[in-house]
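Ready for some hands-on practice in reading a protein model? Take a few minutes with the view below, then work through the exercises at your own pace.

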Amino acid sequence: MTKKCLGCGSVLQTENRELDGYVEEKDYSIANLCRRCFRMKYYGEFHFIERKNDEFIDILKGVSETNSLVLYLVDLFTLTNNIDNINKYLKNDTILVITKRDIMPKSINNDKILQYIRNLNTSKNIKDIEIISSVNNDGLDELYNKIKKYQTEKLVYVVGNTNAGKSTLINKMMKNYSTTDSAITTSILPATTLGQMNIQLDKTLTLVDTPGLIDESSFSNYVDIKILKRITPKKEIKPKTFQLKVGKTIEVENLIRIDYLGGNKNSFTSYFSNDLRINQINVSTHKKEFLEHEKYIFDVKGREDIVINGLGYIKIVDPGTVTVYVPKGVSVVKRDSLV
Ligand SMILES: Nc1nc2c(ncn2[C@@H]2O[C@H](COP(=O)(O)OP(=O)(O)OP(=O)(O)O)[C@@H](O)[C@H]2O)c(=O)[nH]1
Ligand SMILES: [Mg+2]
């Protein structure tokens, strides 16, 4: 009989240490974690995994053949108007769960976030929305009640992009609402969960953890683990406001840069991990490395955010023209301001 890793859901195997689920032969009979999960959990050692999204899409297709309720998790920090793209694969009733509320400033009103999402005209499958923080336990009772309200079968699938916080939520729900705990591996790395895992909360509810969709346009795919740790916010973000005249630029270390090219004196507020150094300099003195980046030009109508996928965003109050330089492959989009 095959055995699964309780951390990532991959099938345990002793043949190939390069593949998912590897354990040493001598440990197989007692192991309940693969080597990768074991090293992550007990030694904080990270190991990037290459993943193809075909697998994720196959899982969604499988889910769409059931009548189960789906929890679709979206990280508030990376919220943009393409959150609905998962619905081309799913027709199940869905609760949209916006995660990691704790890292966003309290000054952002939850009603404003809900309004932003409603304005997107998301698909009819989305029956309800809940904004949560698994870390602070915000919104979890409300989410639990909504699951009970909309649930049609025992199985409820938890899906979303990698790093959205699926496994963290399930661990927390087990802690809160079950007599047993789960210890699914969670980490800042993309693709931590590698296989489906059924986690039974009680007799009537089993949550199914799934591997996430890798968002290839996220910053997290273009940096090493050291930088990934720094760009990932751990605490409530402290926004920084700059009053800029044309010809000035804001740089976030040597990661990205935003030049102010046209408009009156304008207010820019940055929302990035507190660990990152953000400076205002003259456009003409920018660092050379930025020349390797991809360049995007935006005409801002005012009260809009420029979102750099996976890194953060800048709110711009008045109309103007900006140029944004980001590593090639990272997406940059404009949205109505969240605040
Ligand atoms: N600040 C904060 N961090 C969170 C929260 N939920 C999850 N995280 C962090 O986000 C990262 C990803 O969490 P996971 O639970 O592993 O995400 P996942 O969706 O299961 O990711 P994959 O398994 O790769 O698909 C981890 O570093 C978590 O600690 C939250 O509510 N607040
Ligand atoms: Mg996971």
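The exercises below concern a predicted model, and each one comes with a worked solution.

**Exercise 1. Find out how the protein is divided into domains, and describe how domain 2 and domain 3 are placed.**

Start with the bounds: domain 1 covers 1–47, domain 2 covers 54–215 and domain 3 covers 240–336. Next, take the distance between C-alpha centres, which is 31 Å for domain 2 and domain 3. Then look at where they touch: five residues of domain 2 are in contact with six residues of domain 3. On the domain 2 side, the touching residues comprise one nonpolar, three polar and one charged.

**Exercise 2. Locate the largest nonpolar core and work out where it lies relative to the domains.**

The largest nonpolar core has 71 residues. Those with the most contacts inside it are Tyr72, Val97, Val158, Leu207, Ile306 and Ile308. Strand S1 (residues 69–75) gives the largest share of this core, with six residues. Now bring in the domains: domain 2 and domain 3 both give residues to the core, so it lies between them. To finish, look for a second, separate core: it has nine residues, including Cys8, Val23, Cys34 and Cys37.

**Exercise 3. Which residues are in contact with Val158, leaving aside its neighbours within four places in sequence?**

Begin with the contacts that carry lower residue numbers, Leu71 and Leu73. Move on to Lys166, Leu169 and Ile170. Complete the list with Leu207, Val208, Asp209 and Thr210.

**Exercise 4. Describe the surroundings of ligand 1.**

First, count the shell: 23 residues surround ligand 1. The closest are Gly165, Thr168, Thr186, Thr193 and Gly212. Second, sort the shell by class, which gives seven nonpolar, 13 polar and three charged residues. Third, ask which element contributes the largest share: this is helix H5 (residues 166–177), with three residues.

**Exercise 5. Decide whether strand S14 is enclosed or open, and identify the strands that pair with it.**

Check burial, for which a residue needs 20 or more other C-beta atoms within 10 Å of its own. Five of the five residues of S14 (residues 312–316) are buried, so the strand is largely enclosed by the rest of the structure. Then compare its two faces: Gly312, Ile314 and Ile316 point one way, Tyr313 and Lys315 the other way, and all are buried.

Now turn to the pairing. Strand S10 (residues 266–272) runs antiparallel to S14 and is joined to it by five bridges. Strand S13 (residues 304–308) also pairs with S14 in the antiparallel sense, over five bridges. Lys315 makes a handy landmark: Thr269 stands opposite Lys315, and Asp305 has Lys315 as its bridge partner in S14. Last, look at the hairpin of S13 and S14, where three residues lie between the strands and Gly310 takes a positive phi near 85°.

**Exercise 6. Are Thr179 and Thr180 buried or exposed?**

Place them on the chain: Thr179 lies in the loop between H5 and strand S5 (197–202), and Thr180 is found in the loop between H5 and S5 as well. Apply the cut-off, by which 12 or fewer other C-beta atoms within 10 Å make a residue exposed. Thr179 has 7, so it is exposed. Thr180 has 10, so it is exposed too.

For extra practice, check two C-alpha distances. Thr179 and Lys166, 13 residues apart in sequence, are 20 Å apart in space. Thr180 and Gln200, 20 residues apart along the chain, are separated by 9.0 Å.

Key:
Residues numbered from 1 in each chain as written. Chains lettered and ligands numbered in written order. Predicted model: local features only at pLDDT ≥ 70, side-chain atom pairs only at ≥ 80, totals over all residues. Near = placed C-beta within 6 Å. Helix = DSSP H or I, 4+ residues; strand = E, 2+ residues; numbered from the N terminus. Nonpolar A, V, L, I, M, F, W, Y, C, P; charged D, E, K, R; others polar. Core = buried A, V, L, I, M, F, W, Y, C linked by C-beta atoms within 7 Å. Domains from an automatic or database assignment. Contact = placed C-beta atoms within 7 Å. Pairing = 2+ DSSP bridges.
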